[in-house]
Amino acid sequence: MPLLEGRVAIVTGAGSIREGIGNGKAVAVRFAREGAKVFAIDRNADAVAETAEMIRAEGGEVAVGIGDVSSKAECERLVQEATETFGAATVLHNNVGIGVPGEVGDIGEDTWKRAFSVNVDSMLFMCQAALPGMIDSGGGSIINISTVASMRAFPGVAYGTTKGAVNSFTTTLAGRLARHNIRVNAIVPGYIDTPLVAPVWENESVREANLRQVPMRRFGTAWEIASVAAFLASDESSYVTGALLPVDGGLLVRL
Ligand SMILES: NC(=O)c1ccc[n+]([C@@H]2O[C@H](COP(=O)([O-])OP(=O)(O)OC[C@H]3O[C@@H](n4cnc5c(N)ncnc54)[C@H](O)[C@@H]3O)[C@@H](O)[C@H]2O)c1
């Protein structure tokens, strides 16, 4: 039996930034393959339309919501649309996240605030909007997308810092929401070969240097993020909450 048969799942950032399969897109497609009714959110209408087409072509069930999840009002509207379309969601996958340039000495105030707004505020606002329906439904699963940069010093001071906040948000919520039968976990991806980072690896020396850091000697795929998301969304992980789960080919444990 499919892992998510009949469940309603919201996925944010369900398009891909450019051609190909990003993390959010793969998760939306995988959730639909597992029998979920997927409400796919993105601020880019064309990008999320492609994801919806892919799901429908496979016979899956999907509706799209267009909006910017860094806005509380938009999150409220989007969750309302999802609820009107499919009923209350019991799976919320918070995928939206951006990298921004700048190190501690030079990052601008607006850039720093934008990183927090998109990477952290969006997760709070989506949870606030979705929680009442999830609680009324008797429970659910929230999955937040973090990064190994939240646990190690990677370039760009705001990216790792905001994702560190995502980790704390995840463990805090896990503790606070367990009594409502809501599990909250984070996936901590390493180097994943997605359209987001593909341009970086067009530079062969950067690509080789990054590959050498990974004990498994390859980059991950968005489908490998999606399979862990399907596990965390489903009852297969029924006693897992508050986990910050690396999906990184061993990057965090390398010698
Ligand atoms: N690819 C990697 O190597 C890697 C590694 C670690 C973590 N991550 C994390 O994965 C997530 C993104 O993965 P992806 O491949 O889906 O990226 P992506 O850049 O393809 O983004 C997916 C979609 O998010 C949408 N989006 C961006 N900001 C939005 C907003 N404010 N509101 C609504 N939609 C918005 C974009 O339009 C895009 O279609 C991020 O949280 C990122 O930090 C990626």
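Q: How do you know that both faces of strand 6 are covered?
A: Ile182, Val184, Ala186 and Val188 on one side, and Arg183, Asn185, Ile187 and Pro189 on the other, are all buried. A residue is called buried if 20 or more other C-beta atoms lie within 10 Å of its own, exposed if 12 or fewer, and partly exposed in between, with the C-beta atoms placed from the backbone. The structure is a predicted model, in which local features need pLDDT of at least 70 and side-chain atom pairs count only at pLDDT 80 or more, while totals for chains, interfaces and linings use all residues. Residues are numbered from 1 along each chain as its sequence is written.

Q: Why is strand 6 described as largely enclosed by the rest of the structure?
A: Eight of the eight residues of strand 6 are buried, and therefore the strand is largely enclosed. Strands (E, at least two residues) and helices (H or I, at least four) are DSSP runs, numbered from the N terminus.

Q: What makes strand 5 and strand 6 a pair?
A: Two strands pair if DSSP finds at least two bridges between them. Strand 5 (140-145) and strand 6 are joined by six bridges in the parallel sense, so the criterion is met. Within this pairing, isoleucine 143 stands opposite asparagine 185. The chain passes from strand 5 through helix 5 to strand 6 in a right-handed β-α-β crossover. The term right-handed means that, with the strands pointing away from the viewer, the path from the first strand over the helix to the second runs clockwise.

Q: How many bridges join strand 6 to strand 7, and which residue is the bridge partner of alanine 186?
A: Four bridges join strand 6 to strand 7, and these strands run parallel. The partner of alanine 186 in strand 7 is leucine 244.

Q: Where does helix 5 lie relative to the strands?
A: Helix 5 (residues 157-177) lies across strand 5, strand 6 (182-189) and strand 7, and runs at about 160 degrees to strand 6. Such angles run from 0 to 180 degrees between N-to-C directions, the axes being lines fitted to C-alpha atoms, for helices over the stretch in contact. Contact between two residues requires C-beta atoms, placed from the backbone, within 7 Å.

Q: Why is threonine 161 called partly exposed?
A: Threonine 161, a residue of helix 5, has 18 other C-beta atoms within 10 Å, so it is classed as partly exposed.

Q: What is the strand order of the open sheet, and which are its edge strands?
A: The seven strands follow the order 3-2-1-4-5-6-7 with parallel pairing. Strand 3 and strand 7 (244-247) are the edge strands, since each pairs on one side only. Neighbouring strands of this sheet are turned by 20 degrees against each other on average, direction ignored.

Q: Why is strand 2 also considered largely enclosed?
A: Six of the six residues of strand 2 (residues 37-42) are buried, so the rest of the structure largely encloses this strand. Lys37, Phe39 and Ile41 lie on one side, and Val38, Ala40 and Asp42 on the other.

Q: How many bridges join strand 2 to strand 1 and to strand 3?
A: Strand 1 (residues 8-12) is joined to strand 2 by five bridges, in parallel. Valine 8 has lysine 37 as its bridge partner in strand 2. The crossover from strand 1 through helix 1 to strand 2 is right-handed. Six bridges link strand 2 to strand 3 (residues 61-66), again in parallel, and valine 38 stands opposite valine 62.

Q: What makes the phi of asparagine 181 and of arginine 217 notable?
A: Most residues other than glycine have a negative phi. Asparagine 181 has a positive phi near 65 degrees, and arginine 217 has a positive phi of about 60 degrees. Asparagine 181 lies in the loop between helix 5 and strand 6, whereas arginine 217 is in the loop between helix 6 (204-213) and helix 7 (222-233).

Q: Is arginine 217 buried or exposed, and why?
A: Arginine 217 has 10 other C-beta atoms within 10 Å and is therefore exposed.

Q: Which residues come nearest to the ligand?
A: Of the 29 residues around the ligand, Gly13, Gly15, Gly22, Gly24 and Gly97 come nearest. A residue counts as near a molecule or strand if its C-beta atom, placed from the backbone, lies within 6 Å of it. Helix 1 (23-33) and helix 4 (109-136) each supply at least two residues of this shell.
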